[in-house]
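Here is a walk through one chain, from its overall build down to single side chains. Keep the structure open as you read.

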Amino acid sequence: MKLPLFSTCEDYSLLENMNKLTSLKYMEMKDISINISRNLQDLNNKYASLQPYLDQINKIEEQVTSLEQAAYKLDAYSKKLEARFKKLEKR
């Protein structure tokens with residue numbers, strides 16, 4: 001009769017140890033998730049502080065694109081003028 005009772009006691013002891021370990025593991029996971037959350041918040045704050053600079057970069061990029069298009073138009077116009085000048089020069 002004592003053998004089944006001893007086995008049940010061991011089972012409960014094992015379950016208790018497993019619960020303690022699981023609880024510790026969840027506490028570790030909680031700490032990790034808190035750290036991740038803090039780091040994410042820090043990154044979001046840094047990104048927000050960089051946003052005005054990113055907006056400036058986007059505006060500069062748009063202006064460069066516009067300037068580039070104007071340069072291509074000017075180049076095409078100057079080539080037409082050069083061709084007309086050469087044509088008039090041959091007369």
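What follows goes from the whole chain to its charges, its salt bridges and its nonpolar surface.

## Overall build

First things first: this is a predicted model. The inventory of secondary structure is brief, with one helix and zero strands in the chain. The radius of gyration is 37 Å, well over the 12 Å that the globule rule gives for 91 residues, so the chain is more spread out than a compact globule. The helix, H1, covers residues 2-90.

Put a box around the C-alpha atoms along the principal axes and you get roughly 125 × 25 × 10 Å. For a feel of that on the chain itself, take Glu10 and Leu81: they sit 71 residues apart in sequence, and their C-alpha atoms are 99 Å apart in space. Glu10 belongs to helix H1 and is partly exposed, at 44% relative accessibility.

## Surface and burial

How much of the chain is made up of buried residues? The figure is 0% of the 91 residues. Buried here would take a relative accessible area under 20%.

The accessible surface of the chain adds up to about 9,300 Å². Carbon and sulfur atoms account for 62% of that area.

## Charges along the chain

On the charge side, there are 15 positive and 13 negative side chains. The centres of these two sets lie 14 Å apart.

Some of these charges pair up: the structure holds four salt bridges. Three of them are picked out below, one by one.

## Three salt bridges in the helix

Start with Lys20 and Glu16, whose side chains meet in a salt bridge with an N to O distance of 3.7 Å. Why are these two about one helical turn apart? Because they are four residues apart in helix H1, Lys20 and Glu16 have about one helical turn between them. Lys20 is partly exposed at 47% relative accessible area, and Glu16 is partly exposed as well, at 44%.

Next comes Glu28, which forms a salt bridge with Lys25; the closest N and O atoms are 3.7 Å apart. Here the spacing in helix H1 is three residues, so Glu28 and Lys25 are again separated by about one helical turn. Glu28 has a relative accessible area of 44%, which means that this residue counts as partly exposed.

Further along the chain, Glu82 and Lys86 make a salt bridge at 3.5 Å, N to O. Both lie in helix H1, four residues apart, about one turn of the helix. Glu82 is partly exposed with a relative accessible area of 43%, and Lys86 is partly exposed too, with 45%.

## A nonpolar patch

Where should you look for nonpolar surface? Try the patch made by Tyr47, Leu50, Tyr53, Leu54 and Ile57, which comes to about 520 Å².

Leu54 is one of the patch residues, and it is found in helix H1. Is Leu54 buried or partly exposed? Its relative accessibility is 31%, so Leu54 counts as partly exposed. That value also fits the patch itself, because a patch residue needs over 30% relative accessible area.

Definitions and conventions. Residues numbered from 1 in each chain as written. Predicted model: local features only at pLDDT ≥ 70, side-chain atom pairs only at ≥ 80, totals over all residues. Heavy atoms only, no water. Buried < 20%, exposed > 50% of the residue type's maximum accessible area, 1.4 Å probe, protein only. Patch = residues over 30% accessible without salt bridge, like charges linked within 9 Å, V, L, I, M, F, W, Y side chains within 5 Å. Areas by Shrake-Rupley, 256 points an atom, 1.4 Å probe, with all protein chains shown as cover. Rg over C-alpha atoms; globule rule 2.2 N^0.38 Å. Lys, Arg positive; Asp, Glu negative; His and termini not counted. Charge placed at Lys NZ, Arg CZ, Asp CG, Glu CD.
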